[in-house]
2 protein chains.
Amino acid sequence: MDFAEYFPIWDKLTPEEQKKLSDSALPRKVKKGTLLHGGSEDCQGLLLVSSGQLRAYIVSEEGREITLYRLFERDLCLLSASCIMQNIQFEVMIEAEKDSELFVVPPRVYKGLQEESAAVANYTGQVMAGRFSEVMWLLEQIMWKSFDKRLAEFLLNETLLEGTDSLKITHEAIGNHLGTAREVVTRMLRYFQSEEMVKLSRGTVEVTDAARLRELCGR
Amino acid sequence: MDFAEYFPIWDKLTPEEQKKLSDSALPRKVKKGTLLHGGSEDCQGLLLVSSGQLRAYIVSEEGREITLYRLFERDLCLLSASCIMQNIQFEVMIEAEKDSELFVVPPRVYKGLQEESAAVANYTGQVMAGRFSEVMWLLEQIMWKSFDKRLAEFLLNETLLEGTDSLKITHEAIGNHLGTAREVVTRMLRYFQSEEMVKLSRGTVEVTDAARLRELCGR
């Protein structure tokens with residue numbers, strides 16, 4: 001595993017900057033389910049994903065969750081180094097959603113690079129803008145889209161991410177992605193089943209009519 | 001009106017960069033209600049507020065609105081130059097909420113500075129992170145807070161911004177700030193009135209018991 005291959009603006013760095021980064025970045029393997037970042041007090045470093053899938057989410061005081069976005073190969077997670085990200089004033093959790101391989105870049109090393117290199121600073125801003133855009137998308141979904149459309153969108157997206165129509169996922173986990181109570185998910189899934197768009201069995205949601213789900217969410 | 005006084009990182013610029021900015025920044029006066037930016041196709045430039053108040057909001061296909069955040073003196077509006085903000089993938093509207101004075105910085109000038117100066121690039125990232133944080137706050141409010149608390153929070157905030165307990169605002173305008181239908185606002189305001197926290201008259205909401213509103217939203 002070579003850091004240079006995964007860091008998107010490697011070619012824009014000076015040889016010294018490249019050395020600083022590759023000397024300090026530590027490869028790490030994590031199992032599915034590992035909590036990688038648990039709020040703004042936690043500042044382990046930036047995570048560069050070399051394989052697998054991470055999930056960023058928030059949690060209410062009552063323990064309700066909602067997924068903000070996912071990170072995939074070559075994505076850089078800034079918020080796990082929130083101590084060096086000025087003006088970030090919210091708490092976010094990051095977990096490995098699949099077995100994953102990462103590089104961990106120490107916050108101080110990255111901060112130094114960011115201060116001296118306009119390329120690194122601009123890249124960081126672009127990554128921030130990308131995550132900001134994903135949260136704006138989510139906000140618009142929540143504000144303007146009915147729950148049946150959001151659930152249809154989620155199921156279709158999961159079949160693509162998992163590469164199968166038969167999703168091993170509980171109603172509670174779906175609720176945690178969408179920020180909704182389990183009961184609400186169950187009710188809507190039963191309606192989808194009665195319309196023959198999905199088939200439910202213990203711990204599994206099988207998408208049986210993707211075309212109609214797509215139609216439902218206006219794709 | 002002097003640009004140098006309002007641009008927060010003026011001292012971190014080289015004399016050439018300072019000259020480029022102050023030569024190109026155009027002062028502009030706008031009346032309350034002026035639409036300054038109308039979506040991502042629109043790329044007039046960055047807006048630096050020297051006085052007044054701007055509002056950033058989104059609009060649904062059906063014309064429903066929700067306020068994302070406000071901009072005040074010395075705040076820099078990046079999204080009105082969305083063409084130079086890579087990875088910003090959402091549409092936002094910016095309007096003058098009070099008579100305002102601004103500097104408009106041409107997108108190309110700012111882009112040039114950002115590419116050569118790590119200070120400008122980092123500052124831009126920080127501004128972005130600040131707006132991102134405001135939207136995260138909003139998302140959390142919408143997800144986890146009941147509407148009575150959001151409305152109480154809004155009314156208290158408005159009395160501070162306007163410097164008066166007697167707010168000249170329609171129920172529809174409140175709905176547009178909070179992303180809610182007018183009827184829902186009216187119903188909740190009537191409840192607040194029955195609890196003697198506000199007094200309603202035509203076009204006016206008067207906060208009569210700020211302490212109880214504060215208690216309601218857990219401040």
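## A tour of a two-chain model

Arg74(A) sits in the loop between β5 and β6 (76-77) of chain A. Let us start our tour at this residue, keeping in mind that the structure is a predicted model. What is the phi of Arg74(A)? Its phi is positive, about 75°, although Arg74(A) is not a glycine. Chain B offers another example in Asn87(B), a residue other than glycine with a positive phi near 75°. Asn87(B) belongs to the loop between β6 (76-77) and β7 (93-96) of chain B.

Are these loop residues buried or exposed? The table sets them beside a helix residue, Phe154(A), which lies in α5 (residues 147-162) of chain A.

| Residue | C-beta neighbours within 10 Å | Class |
|---|---|---|
| Arg74(A) | 13 C-beta neighbours inside 10 Å | partly exposed |
| Asn87(B) | 15 other C-beta atoms within 10 Å | partly exposed |
| Phe154(A) | 20 other C-beta atoms within 10 Å | buried |

Since 20 or more other C-beta atoms within 10 Å make a residue buried, Phe154(A) qualifies with 20. Leaving out residues up to four places away in sequence, Phe154(A) touches Ile174(A), His177(A) and Leu178(A). How far is Phe154(A) from Arg108(A)? Along the chain they are 46 residues apart, and their C-alpha atoms are separated by 37 Å.

### Chain A as a whole

Now step back and look at the whole chain. Chain A contains eight helices and 11 strands. Its C-alpha trace spans about 60 × 35 × 30 Å along the principal axes. Of the 219 residues in chain A, 34% are buried. Among contacts in chain A with a separation of 6 or more, 69% join residues 24 or more positions apart.

The domain assignment divides chain A into domain 1 (3-143) and domain 2 (145-216). Taken over C-alpha atoms, the centres of these two domains are separated by 28 Å. Where they touch, five residues come from domain 1 of chain A and six residues from domain 2 of chain A. Which element gives the most to the domain 1 side of this contact? Strand β5 (residues 65-71) of chain A does, with three residues. By class, that side of domain 1 has one nonpolar, two polar and two charged residues.

### Where the chains meet

Next comes the contact between the two chains. How many residues of chain A are in contact with chain B? There are 34, and they meet 34 residues of chain B. On the chain A side, the elements that give two or more residues are α3 (107-116) and α4 (118-144). Of the elements on this side, α4(A) gives the most, with 19 residues. Sorted by class, the chain A side holds 17 nonpolar, 13 polar and four charged residues.

How are the copies arranged? A rotation of 180°, with 0.0 Å of shift along its axis, superposes chain A on chain B with an RMSD of 0.0 Å. The two copies are therefore related as by a two-fold rotation axis. The same surface serves both copies, as 100% of the contact residues of chain A recur in chain B. Which residue of chain A comes closest to the rotation axis? That residue is Ala118(A), whose C-alpha lies at 1.9 Å.

### Into the core

The largest nonpolar core has 112 residues, and those touching the most other members are Leu48(A), Val135(A), Leu48(B) and Val135(B). Take Val135(B): leaving aside neighbours within four places in sequence, its contacts are Phe132(A), Val135(A), Met136(A) and Leu139(A) of chain A and Leu68(B) of chain B.

Helix α3 (residues 107-116) of chain B is our last stop. Its buried residues are Tyr110(B), Leu113(B) and Gln114(B). Why do they line one face of the helix? Seen down the axis of α3(B), the buried residues fall within an arc of 100°, so they share one face. As a reminder about helices, an α-helix has 3.6 residues a turn, so residues three or four places apart point the same way. The cover over the buried residues of α3(B) includes α4 of chain A, along with α2 (15-24), β3 (46-51), β8 (100-105) and α4 (118-144) of chain B.

Note on methods
Residues are numbered from 1 along each chain as its sequence is written. Chains are lettered from A and ligands numbered from 1 in the order in which they are written. This is a predicted model: local features need pLDDT of at least 70, side-chain atom pairs count only at pLDDT 80 or more; totals for chains, interfaces and linings use all residues. Two residues are in contact if their C-beta atoms, placed from the backbone, lie within 7 Å. Helices (H or I, at least four residues) and strands (E, at least two) are DSSP runs, numbered from the N terminus. Ala, Val, Leu, Ile, Met, Phe, Trp, Tyr, Cys and Pro count as nonpolar, Asp, Glu, Lys and Arg as charged, and the others, Gly among them, as polar. Copies are superposed by least squares on the C-alpha atoms of residues with pLDDT of at least 70 in both. Domain bounds come from an automatic or database domain assignment. A nonpolar core is a set of buried Ala, Val, Leu, Ile, Met, Phe, Trp, Tyr and Cys residues joined through C-beta atoms within 7 Å. A residue is buried if 20 or more other C-beta atoms lie within 10 Å of its own, exposed if 12 or fewer, and partly exposed in between; C-beta atoms are placed from the backbone. The arc is that of the directions from the helix axis to the C-beta atoms.
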